[in-house]
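This report describes selected features of one protein model, beginning with its charged side-chain pairs. The sequence and coordinates are shown below.

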Amino acid sequence: MAGRGRASGHGVVALCLLLLVGLVGCGGKPATDSARTDLQRILDRRARAVLDRDRAAFVRTGALSWFENLSAVPLAAWSYRVTALHRTGATATADAQLGYRVQGYDGAPVTVGRTLKLSRDAGGRWYVDAEQPARKSPQQLWDQGEVTVVRGKHSLVMGVGQSGEALHSYADLADRAVPAVSDAWGTDWSRHVVVVVPQSLAGMAGLLGSPASAYRGIAAVTTGETGTPARAPADRIIVNPDAYGVLGALGKQVVLTHETTHVATRAHTTPATPLWLSEGYADWAGYRDSGRTPAQAAPELQEAVHADRTPTALPADQDFGFSGDATELARAYEAGWMACRMIAEQWGEVRLDEFYRAVGAHQKRAGAVEDAMKKVLDTTPEEFTAQWRDHLRAELG
């Protein structure tokens, strides 16, 4: 669940390009292909040292830095690819792409940008003085401190600044969420989740590469590595411990089940899927066995219905923005949930799942919902919306 001018004077630009074909930068000493090759060789050794947990070999490539912070993280792969090298005398800065996989959980690598500060020793060999997230790239958990790992039956929980007892509680919630989601959605997914618990809201924001203000009050989000095949994502459920900690037992379970649903449905969630459906379905799965009534689970929407302000349309994607009004955000989630709940009650849970998959089978948004409604629910968006509004008034009026 989710970084995302030009110089004037064409003659000067053209001259710079001619002089630096295959090189990087127009200032300082250009980086030769040989220098990049040498650096790549050092980073390959660095990656091997990480996988082998070889502290001495890692130190031979550079400063110890975050190496011991990730000693508990089970890694299946770790590699660097140098993308740019900017030299100034005996020092340099390099851009690299880091790719890694967590053993037993990631079907595709997480890929992130890293910036490395470098120097050369007397023998001319590169040495990594520091490694940090590249500009506009998110932090990794071990950038924030020592990672503690707890394994559940269906989950792997990684935390920084969290007690083992706290992380075990997350594992217990995730272990209940996975079979609950499988019961609602089916078993055609990995059926395990990775939960990441930073120390604070600020830590969550760092992991998402966004300002903390964008996630204040948001208990958790699910990210999937962009650009990887849908059949093999590297999903992470990232928790905001500040907001999550104030929830009651039921709220905590609903949130983890909601986010786990996003992991399960990832392969069938495409640009064609509107947020009212993806978020509404995740809430439906989260509340499915909770016993909560619409009045209990949708208080903001109920208030609108009571005030004769029943929504005239299903919520648009922009209504789900975290930085907007909190009440409007809550109503958007509640409206999506009520739509999916109505489908499950009036057409059946099997049809709800079929509808979700049918929408996601389209490559583009235009016509996707209309086509799926016709084929799976034998209705139109206009008829569905009118029925949904009647449903809101009946359940919340």
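Aspartate 188 forms a salt bridge with arginine 357, with 3.2 Å between the closest N and O atoms; a salt bridge here is a side-chain nitrogen of Lys or Arg within 4 Å of a carboxyl oxygen of Asp or Glu. This pair links distant parts of the chain, since aspartate 188 lies in the loop between α4 and β7 and arginine 357 in helix α12 (residues 349-360), 169 residues apart. Aspartate 188 counts as partly exposed because its relative accessibility is 45%, and arginine 357 is partly exposed at 23%. Buried means under 20% relative accessible area, exposed over 50%, and partly exposed in between (1.4 Å probe, protein chains only). Helices (H or I, at least four residues) and strands (E, at least two) are DSSP runs numbered from the N terminus.

The model is predicted: local features need pLDDT of at least 70, side-chain atom pairs count only at pLDDT 80 or more, and totals for chains, interfaces and linings use all residues. Residues are numbered from 1 along each chain as its sequence is written, and side-chain values use heavy atoms, with hydrogens and water left out.

**Salt bridges**

The structure holds 21 salt bridges. Three of them are listed here with their N to O distances.

| Pair | N to O distance | Separation in sequence |
|---|---|---|
| Glutamate 131 and arginine 114 | 2.9 Å | 17 residues |
| Arginine 114 and aspartate 143 | 2.8 Å | 29 residues |
| Aspartate 188 and arginine 357 | 3.2 Å | 169 residues |

Arginine 114 belongs to strand β3 (residues 110-120) and glutamate 131 to strand β4 (residues 126-133). Aspartate 143 is in the loop between β4 and β5 (147-151). Arginine 114 counts as buried because its relative accessibility is 1%, and glutamate 131 is buried as well. Aspartate 143, at 24% relative accessibility, counts as partly exposed. Salt bridges with shared partners join Arg46, Arg114, Glu131 and Asp143 into one network.

**Overall composition**

The protein chain has 14 helices and nine strands. Of its 397 residues, 47% are buried. Its accessible surface comes to about 18,400 Å², with 50% belonging to carbon and sulfur atoms; accessible areas come from the Shrake-Rupley method with a 1.4 Å probe, and for residues only the protein chains shown count as cover.

Helix α7 (residues 249-265) has 17 residues and reaches 25 Å from its first C-alpha to its last, close to the expected 24 Å, a span defined as 1.5 Å times one less than the number of residues. Because 13 of its 17 residues are buried, α7 is largely enclosed by the rest of the structure.

**Backbone and surface features**

Arginine 53 has a positive phi of about 55° although it is not a glycine. This residue is found in the loop between α2 (33-52) and α3 (55-59) and is partly exposed at 35% relative accessibility. Arginine 191, likewise not a glycine, has a positive phi of about 60°; it lies in the loop between α4 and β7 (193-197) and is partly exposed at 41% relative accessibility.

A negative surface patch is formed by Glu370, Asp378, Glu382 and Glu383. Patch residues have over 30% relative accessible area and no salt bridge, with like charges joined within 9 Å; Asp and Glu count as negative, and the charge is placed at CG of Asp or CD of Glu. Glutamate 370 lies in helix α13 (residues 368-377) and is partly exposed at 40% relative accessibility.

Technical notes
Patches are made of residues with over 30% relative accessible area and no salt bridge: like charges are joined within 9 Å, nonpolar side chains (Val, Leu, Ile, Met, Phe, Trp, Tyr) within 5 Å.
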